[in-house]
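New to this protein? Take a moment to turn the model around and get your bearings before reading on.

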Amino acid sequence: MKFRFDNKFKPMFVLLLFWLVEELTEDFVYGPFFDRLKDISFLKINIEYKIVVFITVLILNQIWLKQRVYWQYSIKKFYNKNIILLLVLVYFMVTPLFSHPERFKEAVIIGIIAAIPEEYLYRGIILGNLLRSTSFIKSRGKRVIITLVISSFVFSLAHVSNILTQSASVTLFQVIQVLGYGAILGAMYIRTGSLFFSIAIHFMIDFSVTIVNGNASTANGPFMMGLVDALIVLVLCIIIAMGIVQDKKKLIICDKIDCGE
């Protein structure tokens, strides 16, 4: 029997290859290279590492996918409930600052170098490309949810490689929480049609985590407590994400990418 590949899945297959090439290059080429630079400070190594990764993503996208990333947004279409959400996130970003103000510089740098390249890749390219390549799903609601779930899982799986530099328990908790964060970040990109807001929220999350935990790579407290906390974060994030995209007529990204009816 001759295997026939359904053409409607071809764009998704190409996207999968794109992501695998990027991840393998990041983990098995750039990672080992920068790990050998022992004489350079932690922050400097991470800044240079993220810049190289970002340039790689830009080049691969230009050569391979040519996926457009959207930045411009309309204030008139940005409703009050989204502004309230951002204000809540700002509150949770500022509050931890009083506990460890000495980590402010480190938290800002970590937030910036994590948010920009990761949002460009996972929301701008991967989520955007999924919305475009799943045109065979005619329902806007189904397409948005499916692409949101897939892109969030891919974003979460990308953090599994952190087990090479931190404990297994911390990695597990992180993967679970990141699945929820990815849902919120993706929902904001879909809702606002601008990567700016996803970057801002991502920055706030990493900023707050760095202020509170620094660069800790071990879990504090019992394993089950950490697992329950991670699952609670996941559930809350999913609820928030579903609330952001619940009104299918107000998804601004669908004015730029055909999301179905």
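The notes below cover confidence, two pairs of packed helices and one pocket.

## How far to trust it

First things first: this is a predicted model. Across the protein, pLDDT averages 88, and 86% of the residues score at least 70.

That confidence isn't spread evenly. Helix 5 comes out highest, at 96, while helix 3 (residues 80-94) sits lowest with a mean of 62.

## Helix 1 meets helix 2

Start with helix 1 and helix 2, the latter spanning residues 42-65. Their axes lie 11 Å apart, and the two helices pack at an angle of about 155°. Anything over 145 degrees counts as roughly antiparallel, so helix 1 and helix 2 are roughly antiparallel to each other. As for handedness, helix 1 crosses helix 2 in the right-handed sense.

## Helix 4 meets helix 7

Now look at helix 4 and its partner helix 7, which covers residues 195-213. Here the axes are 7 Å apart and the packing angle is about 140°. An angle has to be over 145 degrees to count as roughly antiparallel, so this pair is described as oblique instead. The crossing of helix 4 with helix 7 is right-handed.

What sorts of residues make up the contact of helix 4 with helix 7? By class, there are 14 nonpolar residues, along with five polar and five charged ones.

## The second largest pocket

Next, find the second largest pocket, which holds about 160 Å³ of space. Three helices each give two or more residues to its lining: helix 1 (10-35), helix 4 (104-133) and helix 5 (140-157). So helix 4, which packs with helix 7, turns up here as well. Helix 1 makes the largest contribution to the lining, with five residues.

Which residues should you click on to see the lining of the second largest pocket? Try Met12, Phe13, Leu15, Leu16 and Trp19, then Ile126 and Leu130, and finally Ile150 and Val154. Is this lining polar or nonpolar? The count is nine nonpolar residues, with no polar and no charged ones.

Notes: Residues numbered from 1 in each chain as written. Predicted model: local features only at pLDDT ≥ 70, side-chain atom pairs only at ≥ 80, totals over all residues. Heavy atoms only, no water. 1 Å grid on protein atoms, 1.4 Å probe; cavity = no way out; pocket = protein on both sides within 12 Å on 5 of 7 lines; lining within 4 Å. Points joined across faces, edges and corners; volume = space filled by probe spheres on them. Helix = DSSP H or I, 4+ residues; strand = E, 2+ residues; numbered from the N terminus. Nonpolar A, V, L, I, M, F, W, Y, C, P; charged D, E, K, R; others polar. Axes fitted to C-alpha atoms, helices over the stretch in contact; angles between N-to-C directions. Parallel < 35°, antiparallel > 145°, perpendicular 65-115°, else oblique. Left-handed = near helix turned anticlockwise from the far one by under 90°. pLDDT = per-residue confidence, 0-100.
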